[in-house]
Amino acid sequence: MAASRWADWTLDRVLVIAGFVATVLASVILGSGEPALIGPILILLLPGIVFTGLLLWRPRPGFFLLAGIANSVLAITTIPFGLFGALANPLLGPVYSAVVLTTLSLVLALPAGVIAFRRGRAGLREPHLSEGIRSLHGFAVIVIVSLSVGAIAAGTLAYQNVNARAPSVGPVYDIPAVANVSVLASNSRFSPTAFNLTASMVTKITILNEDDTPHTFTYTNNGTRYSHDLTGSSTTQFFVLFSQPGTVPFSSVLTPDVGMNGTMTIVAP
């Protein structure tokens, strides 16, 4: 039977290719949000395109290993930049979905490529997909994929809920267009620790405090000190307006929160 027949496909082959698909989806999301990343992402995708194509053509042990590594390159290169840490911040919106997909590509493709390579070098038979999915490896894959889909869905809902406009009640005021910034307070640290705001534009800042303990978000604007209480395990929203470009430090002023700080950069409109 031809190697391309579905009956001859193995679990490892499907997982390596699934890792490639997850990487492509993550790249599309990242490139849509930041066009400057399209060039570097395409360079990182090129080895995956080549070796996944070779694996589709002929499932040899070497192609399994090379495709598994190539389809994990995006994840591996972003680990030093906080890939796993970003998994704890669902308020990143579409970027959070890209982070989950990038992590999923690593978990699916790399182990499958290594396992298939070792089996092939040892002369062992690769179990068909129907056999492999019933194995411990197959069960683990089902659990991981289910958790990833759930994380993407939950992250999307959380992001939409946080950034949804509140219903209009009471008096209405004519103000400039509102921008949105989301911040996470977790493990006595702010994330992100630096973000940009536009001068003369009202910005809604939403802070999710995942810690059980309270914090504050304190800063000075035009000589006036503002401090917002961040109750434990809750979300706090407030509006800011800066009239001039510049740099504005923020921090939590509670005694246990030494080092819990960051910087807002006010840019010209």
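This passage looks at how helix α3 packs against two other helices, and then at the settings of T23 and S243. The model is a predicted one.

Start with α3 (residues 61-70) and its partner α6 (residues 94-122). The axes of these two helices come within 7 Å and cross at roughly 165°. That angle makes α3 roughly antiparallel to α6, and the crossing of the pair is left-handed. On the α3 side, the residues involved are P61, G62, F64, L65, G68 and I69. They meet A109, L110, G113, V114, A116, F117, G120 and R121 of α6. Sorted by class, this contact comes out at nine nonpolar, four polar and one charged residues.

Helix α3 also packs against α2 (residues 38-57), with the axes 8 Å apart and an angle of about 150° between them. Angles over 145 degrees count as roughly antiparallel, so α2 and α3 fall into that class. Here, too, the crossing is left-handed. From α2, the contact draws on P47, G48, F51, T52, L54, L55 and W57; from α3, it takes F63, F64, L66, A67 and A70. The tally for α2 with α3 is ten nonpolar, two polar and no charged residues. F64 turns up in both pairings, touching α6 as well as α2.

On to single residues, beginning with T23, which sits in helix α1 (residues 11-33). Its relative accessibility is 5%, and since anything under 20% is classed as buried, T23 counts as buried. A polar atom of the T23 side chain lies 2.9 Å from the backbone oxygen of G19. Setting aside neighbours within four places in sequence, T23 is in contact with L45, N71, L74 and S105. Of these, L45 belongs to the α2 stretch, residues 38-57, while S105 falls within α6, residues 94-122.

S243 has another kind of address: the loop between β7 (234-240) and β8 (246-251). With a relative accessibility of 48%, S243 counts as partly exposed. Once residues up to four places away in sequence are left out, S243 touches A199 and S200. As for N221, 22 residues away along the chain, its C-alpha atom is separated from that of S243 by 9.1 Å.

Definitions and conventions
Residues are numbered from 1 along each chain as its sequence is written. This is a predicted model: local features need pLDDT of at least 70, side-chain atom pairs count only at pLDDT 80 or more; totals for chains, interfaces and linings use all residues. Side-chain values use heavy atoms; hydrogens and water are left out. Axes are lines fitted to C-alpha atoms, for helices over the stretch in contact, and angles run from 0 to 180 degrees between N-to-C directions. Helices (H or I, at least four residues) and strands (E, at least two) are DSSP runs, numbered from the N terminus. Angles under 35 degrees count as roughly parallel, over 145 as roughly antiparallel, 65 to 115 as roughly perpendicular and the rest as oblique. A crossing is left-handed if the near helix is turned anticlockwise from the far one by less than a right angle, and right-handed if clockwise. Contact means heavy atoms within 4.5 Å. Ala, Val, Leu, Ile, Met, Phe, Trp, Tyr, Cys and Pro count as nonpolar, Asp, Glu, Lys and Arg as charged, and the others, Gly among them, as polar. Buried means under 20% relative accessible area, exposed over 50%, partly exposed in between (1.4 Å probe, protein chains only). A polar contact is a pair of N or O atoms within 3.5 Å; within protein, one must be able to donate a hydrogen and the other to accept it, and residues adjacent in sequence count only if both atoms are side-chain atoms.
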